[in-house]
Each structure stands twice: as C-alpha cells, then as structure tokens.
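Work through these exercises with the sequence and the 3D view side by side. Try each task before you read its solution.

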Amino acid sequence: MFFEREKGGDRAVLVHLDMQEEADREDSQEFQELVRSAGGEAVALIQGSRSQPSPRFFIGQGKLEEVQRAVKEHQADLVLFNHSLKPSQERNLEQELQCRVLDRTGLILDIFAQRARTYEGKLQVELAQLEFMSTRLVRGWTHLERQKGGIGLRGPGETQLETDRRLLRTRISAINRRLKKVRVQRANSRRARVQAEIPAVSLVGYTNAGKSTLFNRITQSGVYAADQLFATLDPTLRRIEVGDVGPVILADTVGFIRHLPHKLVEAFQATLQEASEATLLLHVVDAASQEREDNQFQVQEVLEEIHASDVPALLVFNKIDLLEQSPRIDRNDDGLPERVWVSAQTGEGIELLLQAINELLVPTLVEGELCLTPQENRLRAKLFDQGGVLGETFDEAGNCKLQIKLPQKDFHQLLAALDMQASELNWSTKP
C-alpha cells in the first residue's frame with residue numbers, strides 16, 4: 001500500500017462505549033470478532049457509557065487513565081476503539097497513550113487489506129485506505145511540517161506535509177483511472193450476460209452469515225470460507241444450472257456490517273453492482289445469531305445505499321443445524337417462496353433452495369394447444385424455430401394443432417414480428 005502505518009505488534013487494548021443514541025451503538029462482541037479477524041490479540045477490554053463523546057479524547061478523563069494503565073500493564077502496542085474517531089481525537093489519544101490508536105473504520109480497512117486477492121480488490125482497498133488516511137496524514141509528518149531554512153535553502157518551496165498530500169492526490173487519481181478500466185470490463189461482462197438473457201443471482205448478507213459456504217455447496221467449488229468476519233472480499237462468479245430456468249450466474253459478494261465505512265462502499269461500487277444489477281438476491285441470514293433481526297436491518301440499509309433495495313430477494317435462513325430446525329420453504333400469500341431454511345454446512349435444504357430459486361426465476365410461460373390454418377404456417381415455422389413446440393397433429397382439412405410452451409415475452413415478440421394479435425388466435429386449450 002502507498003500509505004501504511006508503522007509495523008508493530010498486535011497486542012491490543014479494546015475500548016467500547018455504550019452510547020445513548022441507538023444509531024451510534026456498536027456491538028462489543030462483534031468488535032472482538034473484528035479484532036480476531038484482523039489477527040489481533042485482545043489483552044484488555046475497557047467498557048463504559050456516555051451520553052455523548054468527549055470532543056478532545058472521545059472518552060472521559062477517568063476512562064483515559066484506565067486505558068493508560070491497561071496499556072502499561074499489558075505492554076500493548078495498539079488501542080482500538082469500537083467507534084469512529086475524528087483525526088484530532090486520534091492524534092490527542094496517541095499523544096496521551098504513547099502508542100498507536102485505531103478506530104473501527106481503520107480496523108475494517110485493515111481487514112480488507114489482508115483479504116484482498118484480486119487486482120481489482122487490491123485497488124479498491126488501497127483507494128479506500130488512501131482517502132481515509134488523507135485526513136490523518138498530519139499525524140505522521142508533524143516533525144516535517146516546517147520549511148527548510150539557511151543560506152541557499154530559502155524560498156517558496158513546499159512543506160513535507162504539502163508534498164505528501166500532493167503525492168497522495170496523484171496516487172488516488174492513478175488508482176481511480178485503473179479502477180475505471182476495470183469497471184468498464186465488468187460492465188461489458190454484465191452487458192453480455194444481459195444480452196444472453198442469463199439471470200444473475202447474488203448472495204448478500206451480514207458478514208459471517210455463511211454465504212461462501214453456501215456458494216461452495218451450490219456450485220461445488222472451493223471458494224475460501226472461514227468462521228471469521230470478511231472471509232470473502234473479492235466477488236466470485238460461477239455458472240450453474242437451475243431447473244426450468246437453465247443457466248444462471250451465481251455471485252458471492254463481500255459481507256455487510258453495521259456502519260460499513262462510506263469510503264468502502266464508494267470504493268467497492270463496481271463489486272457491489274453485482275448485487276444492485278442482479279435478477280434475484282439471496283439474502284443469507286445466520287438463523288442461529290441472537291442479532292438476527294438487527295443484522296437483517298443493517299443489510300437492508302446497505303442495499304438501499306447501493307440502490308439494490310428494489311431487487312427481488314429471497315431470505316435464506318442458514319445454519320439450521322445449530323437450531324435443530326428442519327429445512328422448509330415459507331411462502332407468501334401468492335404462494336411464492338419467501339424464506340428458505342437451510343444448512344450450508346450439512347447440505348440440508350439445498351434442494352429446496354434451488355426449487356425456490358427456480359420458482360422465482362422461471363419466466364411466465366405461454367402453454368396450451370394452438371389451432372393453426374395452412375395460411376398461418378409462418379407462425380407455425382416461427383414457433384418451431386423458437387423451440388416452443390412440444391407436439392403437433394393435423395386434421396383432414398390440413399389444420400394443425402400445436403402443443404406449445406415458451407416464455408410469454410418470446411411469444412409476444414414473435415407475434416409482433418408477424419404483425420399478429422394474440423386475440424386473433426384459435427386455442428383448443430387456452431394458456
């Protein structure tokens with residue numbers, strides 16, 4: 001990466017405050033999982049509550065002294081806050097604690113940096129890191145924030161800080177240019193799938209809900225899956241066959257989390273487009289999680305942010321093996337699948353899930369027995385060309401009866417090409 005913090009140990013003191021405002025609240029258990037996923041060792045957890053953050057240190061003076069004692073006692077290299085800190089608060093805390101301080105956003109960015117594998121993924125993470133660090137650059141260069149003096153060295157020049165800000169802007173522009181090319185390639189691939197009328201199904205859900213395990217179970221592939229937050233970062237696409245639908249593209253995407261940093265959402269816009277432009281979303285939910293309902297809400301918020309909230313979605317309640325729950329399909333008032341209960345780990349309910357996907361994706365069909373006169377032979381030929389004829393019989397007058405079955409859209413396009421109306425046709429068995 002262009003801008004990285006100094007190397008240090010992973011012994012970390014964690015700080016978590018319960019805020020009065022519901023929108024500012026975080027989950028301390030999830031925070032510890034984030035630290036574990038980043039490869040950190042939590043040596044102490046300092047907890048407290050405040051009505052609102054302190055402008056100077058985010059935490060109060062008493063809590064600051066408690067963190068100082070914990071840092072010294074455990075010889076910690078890092079203090080992690082389960083909150084978003086202002087650059088000035090990070091700077092003040094580092095001066096008081098004499099060690100590195102990182103907030104929740106910086107921690108998530110670090111995990112993403114570890115997980116990125118593809119060229120696009122690495123560019124996206126670096127862009128998010130650079131834009132995040134640009135507001136904090138002063139903290140690494142305060143000792144160079146003066147112009148050189150002396151004979152022959154005076155002049156307008158620029159400070160080291162200004163130089164590094166300029167280099168930072170140059171690097172961000174270069175990454176944006178590269179990402180633009182990648183996005184064009186991704187858009188072309190997506191356009192080709194649309195033209196081929198291949199439905200796209202995207203797995204979305206809260207991080208560690210079991211999306212990659214489910215993806216591997218359905219596609220029989222070996223995508224990396226682990227019991228950790230953000231195990232999957234780079235999108236993976238596979239082609240599968242689904243019942244009456246035929247070929248379908250299944251996409252495994254990055255997991256969502258509450259208060260997902262906006263810089264990440266912006267940087268991963270091309271990746272998240274797999275969800276916003278999908279035909280169907282499989283919203284995977286950890287059915288065994290106590291935070292199940294809240295996690296669903298958080299995912300819905302991110303979907304709204306990436307303009308994917310209007311895409312049809314099927315809820316997939318995963319990990320039923322931990323609940324001793326039987327696999328089943330829950331249907332809405334119209335009889336369409338609404339929720340499917342499965343276990344990606346054991347494979348229970350996968351056939352039901354594929355059945356539900358098939359029901360939701362299969363196009364509306366025109367199916368029935370159509371009577372055609374010899375004068376309507378052009379329609380007969382077109383129906384055969386479309387592969388929509390299941391059977392054919394003739395009467396003595398030369399009229400034919402066709403058993404047809406084809407998508408409604410294709411049928412109406414065919415009639416429009418022949419300048420015919422559906423109401424003019426003679427059906428023995430109406431569709």
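Two strands pair if DSSP finds at least two bridges between them. Helices (H or I, at least four residues) and strands (E, at least two) are DSSP runs, numbered from the N terminus. The model is predicted: local features need pLDDT of at least 70, side-chain atom pairs count only at pLDDT 80 or more, and totals for chains, interfaces and linings use all residues. Residues are numbered from 1 along each chain as its sequence is written, and side-chain values use heavy atoms, with hydrogens and water left out.

**Exercise 1. The sheet of seven strands**

Task: Find the strand order of the open sheet of seven strands, then its edges.

Solution:
- Step 1. Read the order: β6-β7-β5-β8-β9-β11-β10, with mixed pairing.
- Step 2. Look at the edges. β6 (236–242) and β10 (328–331) each have a single partner strand, so one side of each lacks a neighbour in the sheet.
- Step 3. Take the twist. It averages 25° from one strand to the next. Angles run from 0 to 180 degrees between N-to-C directions, and axes are lines fitted to C-alpha atoms, for helices over the stretch in contact.
- Step 4. Check one pair. β9 (residues 313–318) and β11 (residues 337–341) are parallel, with three bridges. Leu315 faces Arg339 in β11.
- Step 5. Add the helices. Contact means heavy atoms within 4.5 Å. Helix α7 (residues 211–219) lies across β5, β6, β7, β8 and β9, at about 155° to β7. Helix α10 packs on the sheet too, touching β5, β8, β9 and β11.

**Exercise 2. The sheet of four strands**

Task: Which strands stand at the edges of the open sheet of four strands?

Solution:
- Step 1. The order is β2-β1-β3-β4, with parallel pairing.
- Step 2. The edges are β2 (41–50) and β4 (100–102). Each has a single partner strand, so one side of each is left without a neighbour in the sheet.
- Step 3. Neighbouring strands here are turned by 20° against each other on average, direction ignored.
- Step 4. Three bridges join β3 (residues 78–81) to β4. Leu80 is opposite Leu102 in β4.
- Step 5. Helix α3 (residues 87–97) packs on this sheet, touching β3 and β4.

**Exercise 3. One helix, one side**

Task: Which residues of α3 are buried?

Solution:
- Step 1. Buried means under 20% relative accessible area, exposed over 50%, partly exposed in between (1.4 Å probe, protein chains only).
- Step 2. The list is Gln89, Glu90, Asn92, Leu93 and Leu97.
- Step 3. They cover an arc of only 165° around the axis, so they lie on the same side of α3. The arc is that of the directions from the helix axis to the C-beta atoms.
- Step 4. These residues pack against α2, β3, β4 and α5 (119–134).

**Exercise 4. The largest core**

Task: How many residues has the largest nonpolar core, and which helix gives the most to it?

Solution:
- Step 1. A nonpolar core is a set of buried Ala, Val, Leu, Ile, Met, Phe, Trp, Tyr and Cys residues joined through side-chain atoms within 4.5 Å.
- Step 2. The largest has 30 residues. Leu80 and Phe256 are among those with the most contacts inside it.
- Step 3. α4 gives the most, with four residues.
- Step 4. Another core, of 25 residues, lies apart from it; Val316 is one of its members.

**Exercise 5. Confidence**

Task: Where does pLDDT stay under 50?

Solution:
- Step 1. pLDDT is the predictor's confidence in each residue, from 0 to 100.
- Step 2. The chain mean is 79, and 81% of residues reach 70 or more.
- Step 3. Stretches under 50 include residues 1–9 and residues 139–155.
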